[in-house]
Amino acid sequence: MRGFAMKKIGEVGWVEKEAPACGPLDAICRPLAVAACTSDIHTVYEGAVGERTDMILGHEAVGEIMEVGELVKDFKVGDKVIIPAITPDWGSLEAQRGFAQHSGGTLGGWKFSNFKDGVFAELFHVNEADANLALLPEGMDPAEATMISDMIPTGFHGVELAEVTYGEDVLVVGIGPVGLMAVAGSALRGAGRIFGVGTRPNCVALAKEYGATDIINYKDGPIAEQVMKLTDNKGVDKIIIAGGDVDTISNVIDCIIPGGIISNVNYLGSGEYVKVPREAWGVGMGHVRITGGLMPAGRMRTERLANILSNGRLDVSGMLTHKFEGLESLPEALELMNQKPKELIKPVVTFSYDD
Ligand code: NDP
Ligand code: ZN
């Protein structure tokens, strides 16, 4: 089979591989829609998780099941399914501890396009199908449903980690597709004022649609100063970080209230240290919590996220700014993610088959 791969750090290209084998608990799928992700860019061009050779990229997909293992109970050949970016080993001790995304070690549930071939291929393998897959709801557009693989669960996880609740003031740093879902998730959880930080015009427009009350341009000066000005020096209750770099936490901590939470879902692709400024952190006694996490996954979670779309509580159609058809367009879709032209939010590739 063919796949579009990271050949080595800094280089992508096509590879030919054996079709993946199906274990007793697993499924083999072909793609119906896949989306390219900023994480693939960190992995290939920053070498953020280290060297990889001929590893097929992609981890956001909706697919059709071509084969199931003999122990799979709830899925069959021909089912259309949402495949989460993270596919944990559900029997692991980490899963039993409540952190399945780290099964087998830190970030261990992130298999696709990390240490296993991803979904940018004619066929791909899904471990523990019953626990990791979710049926695509009847009538749901596969391209839109790819947002349930990673963008919705990651943005929403930022909201969960920040424990956003009714009436709070929330700062969302970064309004790319992940940050946009953090804005939408904060609004769904009842936030009062929502500050979105970003510049791309499409993202700004969609952030407002999703509930951002204020937009901050990080190029206009320090984010924290702008927030303090807009809030009469009060600051915000919660900060969700979905963009920037290793210095972003230290750049925004000045505008959080004592007892606030900073949650990071940004993939810190380069830099050695995340620094916490002593004074802004209340000289160690400000009760400001700093946390960060990889999206949780699993069938139940994925079905629940699909339920939000099915019931019209969230419309992700505006996120899909660039649409392509067929395997051959994968390089172009990925390169868009690398270049980030200003009209881009998310590129998605759909597939059609004769059989
Ligand atoms: P984008 O690059 O599309 O968006 C990044 C956002 O951050 C943009 O709004 C950008 O603004 C803004 N930004 C850039 N530089 C700064 C800065 N210095 N200060 C403040 N804001 C800045 O990324 P995605 O939304 O696709 O992804 C966001 C991050 O989430 C990535 O690192 C990705 O790898 C990660 N991720 C994490 C996952 C997890 O499970 N934790 C899963 C999936 C992704 P502008 O409008 O100017 O471009
Ligand atoms: Zn992704």
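Two exercises with worked solutions follow, both on a predicted model.

**Exercise 1. The surroundings of ligand 1**

Task: Determine how many residues surround ligand 1, which helices and domains supply them, and which polar contacts the ligand's oxygen atoms make.

Solution:

1. Begin with the shell. Ligand 1 is surrounded by 27 residues, and the closest are Thr38, Thr199, Arg200, Tyr218 and Asn266.
2. Sort the shell by class. The count is 12 nonpolar, 12 polar and 3 charged residues.
3. Assign helices. At least two shell residues come from each of helix H1 (38-45) and H6. The greatest contribution is that of H1, with 3 residues.
4. Assign domains. Domain 1 (2-150 + 295-350) and domain 2 (154-292) each provide at least three residues of the shell.
5. List polar contacts, taking N or O atom pairs within 3.5 Å. A side-chain N or O atom of Arg200 is 2.7 Å from an oxygen atom of ligand 1. For Met295, a polar backbone atom is 3.0 Å from a ligand oxygen atom. For Thr154, a polar side-chain atom lies 3.4 Å from an oxygen atom of the ligand.
6. Quantify burial. Ligand 1 taken alone exposes 940 Å², of which the protein buries 86%.

**Exercise 2. The second largest pocket**

Task: Establish the volume and lining of the second largest pocket, and explain where it lies relative to domain 1 and domain 2.

Solution:

1. State the volume. The second largest pocket has about 160 Å³.
2. Identify the lining. The residues are Phe156, Val159, Glu160, Gly185, Leu188, Arg189, Arg301, Leu305 and Ile308.
3. Classify these residues. The lining comprises 5 nonpolar, 1 polar and 3 charged residues.
4. Map the lining onto helices. Helix H5 (151-161), helix H6 (177-188) and helix H10 (299-310) each contribute at least two residues.
5. Locate the pocket. Because domain 1 (2-150 + 295-350) and domain 2 (154-292) both give residues to its lining, the second largest pocket lies between them.

Key. Residues numbered from 1 in each chain as written. Chains lettered and ligands numbered in written order. Predicted model: local features only at pLDDT ≥ 70, side-chain atom pairs only at ≥ 80, totals over all residues. Heavy atoms only, no water. 1 Å grid on protein atoms, 1.4 Å probe; cavity = no way out; pocket = protein on both sides within 12 Å on 5 of 7 lines; lining within 4 Å. Points joined across faces, edges and corners; volume = space filled by probe spheres on them. Helix = DSSP H or I, 4+ residues; strand = E, 2+ residues; numbered from the N terminus. Nonpolar A, V, L, I, M, F, W, Y, C, P; charged D, E, K, R; others polar. Domains from an automatic or database assignment. Near = heavy atom within 4 Å. Polar contact = N/O pair within 3.5 Å; in protein donor to acceptor, adjacent residues only side chain to side chain. Areas by Shrake-Rupley, 256 points an atom, 1.4 Å probe, with all protein chains shown as cover.
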